Amino acid sequence: MEEGTLKSPSNCAGTVGVDYGDTDPFQWDSREDCQVRQILDRVADKWSLLVIALLDNRRLRFTELRREIDGISQRMLTVSLRQLERDGLVKRTVYPVVPPRVEYELTPLGRTLHTTIRSLVTWTEEHQGEIAAARQAYDAAESGRG
């Protein structure tokens with residue numbers, strides 16, 4: 001195989017014969033068929049992050065989740081929960097009562113994500129002032145250009 005040629009369209013390992021060391025730009029391949037990208041897309045979207053954070057060490061009903069997540073539509077919450085369930089991160093329990101009661105909780109796999117998400121939230125809280133200042137400086141520069 002020629003140096004720099006991809007092994008296959010579904011291979012996410014980057015290019016053959018090129019060593020990027022620890023800074024490999026292909027470690028999270030940008031192609032849609034890459035499994036790593038698909039998983040990152042799922043767990044890193046804003047609704048999934050909020051669902052995972054809210055379900056830490058507790059079970060919640062659909063209506064409780066919807067009440068807690070400001071701005072999410074019923075449809076979007078349904079889609080997010082189904083995707084997280086499909087990926088093995090959320091467990092859905094239906095109780096045979098009238099009216100039906102459905103609860104959601106993190107699976108053991110889903111719980112492993114919570115520390116990572118908490119770190120991201122902590123980073124955001126610690127740097128929100130710097131980000132706000134950068135945005136303000138950028139917006140001021142942009143308005144001066146136009």
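Buried, as used here, means under 20% relative accessible area, whereas exposed means over 50%. The structure is a predicted model, and the exercises below work through its core, its helices and its strand β3.

**Exercise 1. Identify the buried residues of α2 and decide how they are placed around the axis of the helix.**

Step 1. Applying the cut-off of under 20% leaves Trp47, Ser48, Val51, Ile52 and Leu54 as the buried residues of α2.

Step 2. These residues cover an arc of only 165° around the axis, so they lie on the same side of α2.

Step 3. At the N-terminal end of α2 the cap is Asp45, with a side-chain oxygen 2.9 Å from the backbone nitrogen of Trp47.

**Exercise 2. Describe how α1 and α2 pack, and classify the residues that make the contact.**

Step 1. Helix α1, which spans residues 35-44, packs against α2 at an angle of about 65°, and the two axes are 5 Å apart.

Step 2. On the side of α1 the contact is made by Arg42, Val43 and Ala44, and on the side of α2 by Lys46, Ser48 and Leu49.

Step 3. Sorted by character, the residues of this contact are three nonpolar, one polar and two charged.

**Exercise 3. Locate the largest nonpolar core and state which elements supply at least two of its residues.**

Step 1. The largest nonpolar core has 21 residues, and those with the most contacts inside it are Leu55, Leu65, Leu77, Leu81 and Tyr104.

Step 2. At least two residues of this core come from each of α2 (46-54), α3 (62-68), α4 (74-86) and β3 (101-106), and the largest share, four residues, is that of α2.

Step 3. Leaving out residues up to four places away in sequence, Tyr104 touches a set that includes Leu55, Leu65 and Leu81 of the chain, together with the charged side of its surroundings, among them Arg58, Arg59, Lys91 and Arg92.

Step 4. As general background, nonpolar side chains in soluble globular proteins tend to be buried together.

**Exercise 4. Work out what surrounds Leu60, Glu105 and Leu106, and whether Glu105 is buried or exposed.**

Step 1. Leu60 is found in strand β1, residues 60-61, and is buried, with a relative accessible area of 8%. Beyond its neighbours within four places in sequence, Leu60 is in contact with Leu54, Leu55, Leu65, Val102, Glu103 and Tyr104.

Step 2. Although Leu60 and Glu105 are 45 residues apart in sequence, their C-alpha atoms are 6.7 Å apart in space.

Step 3. Glu105, which lies in strand β3, has 15% relative accessibility and therefore counts as buried. Its side chain is joined to that of Arg59 by a polar contact of 3.2 Å, and the residues touched by Glu105, not counting those up to four places away, include Leu55, Leu89 and Thr93.

Step 4. Leu106 is also placed in strand β3 and is buried, with a relative accessible area of 3%. Leu106 and Leu89 are 17 residues apart in sequence but 5.9 Å apart from C-alpha to C-alpha, and Leu89 is among the residues that Leu106 touches, as are Ile52 and Arg111.

**Exercise 5. Find what is unusual in the backbone at Pro99 and at Asn57.**

Step 1. Most residues other than glycine have a negative phi, and most peptide bonds are trans.

Step 2. The peptide bond from Val98 to Pro99 is cis, with omega near -5°, and Pro99 is found in the loop between β2 (90-95) and β3.

Step 3. Asn57 has a positive phi, near 60°; this residue is in the loop between α2 and β1 and is exposed, with a relative accessible area of 67%.

Methods
Residues numbered from 1 in each chain as written. Predicted model: local features only at pLDDT ≥ 70, side-chain atom pairs only at ≥ 80, totals over all residues. Heavy atoms only, no water. Core = buried A, V, L, I, M, F, W, Y, C linked by side-chain atoms within 4.5 Å. Buried < 20%, exposed > 50% of the residue type's maximum accessible area, 1.4 Å probe, protein only. Contact = heavy atoms within 4.5 Å. Arc of directions from axis to C-beta. Polar contact = N/O pair within 3.5 Å; in protein donor to acceptor, adjacent residues only side chain to side chain. Axes fitted to C-alpha atoms, helices over the stretch in contact; angles between N-to-C directions.
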